[in-house]
Amino acid sequence: MEILKAENLTKVFAISEKQRRALGITNKKITAVDNVSFIAQSGEVFGLIGPNGAGKTTTMRMLATLIAPDSGDAVYNDISAVNSPEKVRSQLAFLTTDLKPDVKSTPNIMFDFFAELYHVPKDVAEKRKKDLFDKFGINKFADTVISKLSQGQRQKVSLVISVIHDPKFVIFDEPTNGLDIIATREVREFILNMKKAGKCVIISTHLFDLVEKVCDRAAMIIDGKIVVNDTLDNLMHGCSLEEAFYDIYISYKKSDEV
């Protein structure tokens, strides 16, 4: 069984004078992520949900080894992301809207490049390309330069490239961002197929509907802190996830004021 353990992840950023004025604060530093811990495992989808600025993307970037935590760690099975980031990267996929495909390239060229980069055998890469391009309808624009593709088409290309090496762990930050309703459904189905294939899937999003449709468990993050972490059924307790989150958010803010 594949297991990811986020262990007391913490990240502090310096705040410029201009940013302090805009935020109406005097502190020169801000804690974006504050001792975040959770466990995700193979065969399930774990969701990290919260409002804008809650610390979701910073957490995902630390999990993906794009930035190092100031303290804490992310452990993939027995491999530390802090001590062995290159070993972790070889077994995970990371998709975020902040990572853009080369706009002068084409989906075909990008796929082949990353297949070679990940040392995927050519015959295996060709089969995966066919399967993924068929699944997401990429064939019709496979040789079109990415600069001419829509945002949704670019997101599809980024998604298929992110899983080219058949990773054990799949980390998606806002995976349906910029997609229309048809493409959004395709991505949801893809996430569920990753789960069925035994992958450990972690998504961060502010879309309650997406979490309700694909997640088994979820953690709510507010002001950089995990305030609740449970199964989806226990979180919702008979109401919608949006209502449950709002109740938890209001309760947290009231307790924080005390």
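Colleague: Are α4 and α6 roughly parallel or roughly antiparallel to each other?
Modeller: This is a predicted model. In it, helix α4 (residues 107-117) packs on helix α6 (residues 151-162) at an angle of about 20°. Angles under 35 degrees count as roughly parallel. The two helices, α4 and α6, are therefore roughly parallel.

Colleague: How far apart are the axes of α4 and α6?
Modeller: The crossing of α4 and α6 is right-handed. Their axes are 10 Å apart.

Colleague: Which residues of α6 meet α4?
Modeller: From the α4 side come Pro107, Met110, Phe111 and Phe114. The residues of this contact divide into 7 nonpolar, no polar and no charged. The α6 partners are Val157, Val160 and Ile161.

Colleague: Now the sheet. Which strands stand at its edges?
Modeller: The open sheet has 6 strands with mixed pairing, in the order β6-β7-β8-β3-β9-β10. Its twist averages 15° from one strand to the next. An edge strand here has a single partner, so one side is left without a neighbour in the sheet. That describes β6 (92-95) and β10 (225-231).

Colleague: In what sense do β9 and β10 pair, and over how many bridges?
Modeller: Strands of a sheet pair through backbone hydrogen bonds, either parallel or antiparallel. Arg217 has Thr231 in β10 as its bridge partner. Strand β9 (residues 217-222) pairs with β10 in the antiparallel sense, over 6 bridges.

Colleague: Which strands does α6 lie across?
Modeller: Helix α6 runs at about 165° to β6. It lies across β6 and β7 (169-173).

Colleague: And α7: which strands does it lie across?
Modeller: Helix α7 covers residues 181-196. Its direction is at about 150° to β8. The strands it lies across are β3 (44-49), β7 and β8 (200-205).

Colleague: How are α5 and α7 set to each other, roughly perpendicular or oblique?
Modeller: The axes of helix α5 (residues 122-136) and α7 come within 10 Å. They cross at roughly 140°. Roughly antiparallel needs an angle over 145, and roughly perpendicular means 65 to 115. The pair α5 and α7 is therefore oblique.

Colleague: How many charged residues are in the contact of α5 with α7?
Modeller: Leu132, Lys135 and Phe136 of α5 meet Glu186, Val187, Glu189, Phe190 and Asn193 of α7. The residues of this contact include 4 nonpolar and 1 polar. The charged number 3.

Technical notes. Residues numbered from 1 in each chain as written. Predicted model: local features only at pLDDT ≥ 70, side-chain atom pairs only at ≥ 80, totals over all residues. Heavy atoms only, no water. Axes fitted to C-alpha atoms, helices over the stretch in contact; angles between N-to-C directions. Helix = DSSP H or I, 4+ residues; strand = E, 2+ residues; numbered from the N terminus. Left-handed = near helix turned anticlockwise from the far one by under 90°. Contact = heavy atoms within 4.5 Å. Nonpolar A, V, L, I, M, F, W, Y, C, P; charged D, E, K, R; others polar. Pairing = 2+ DSSP bridges.
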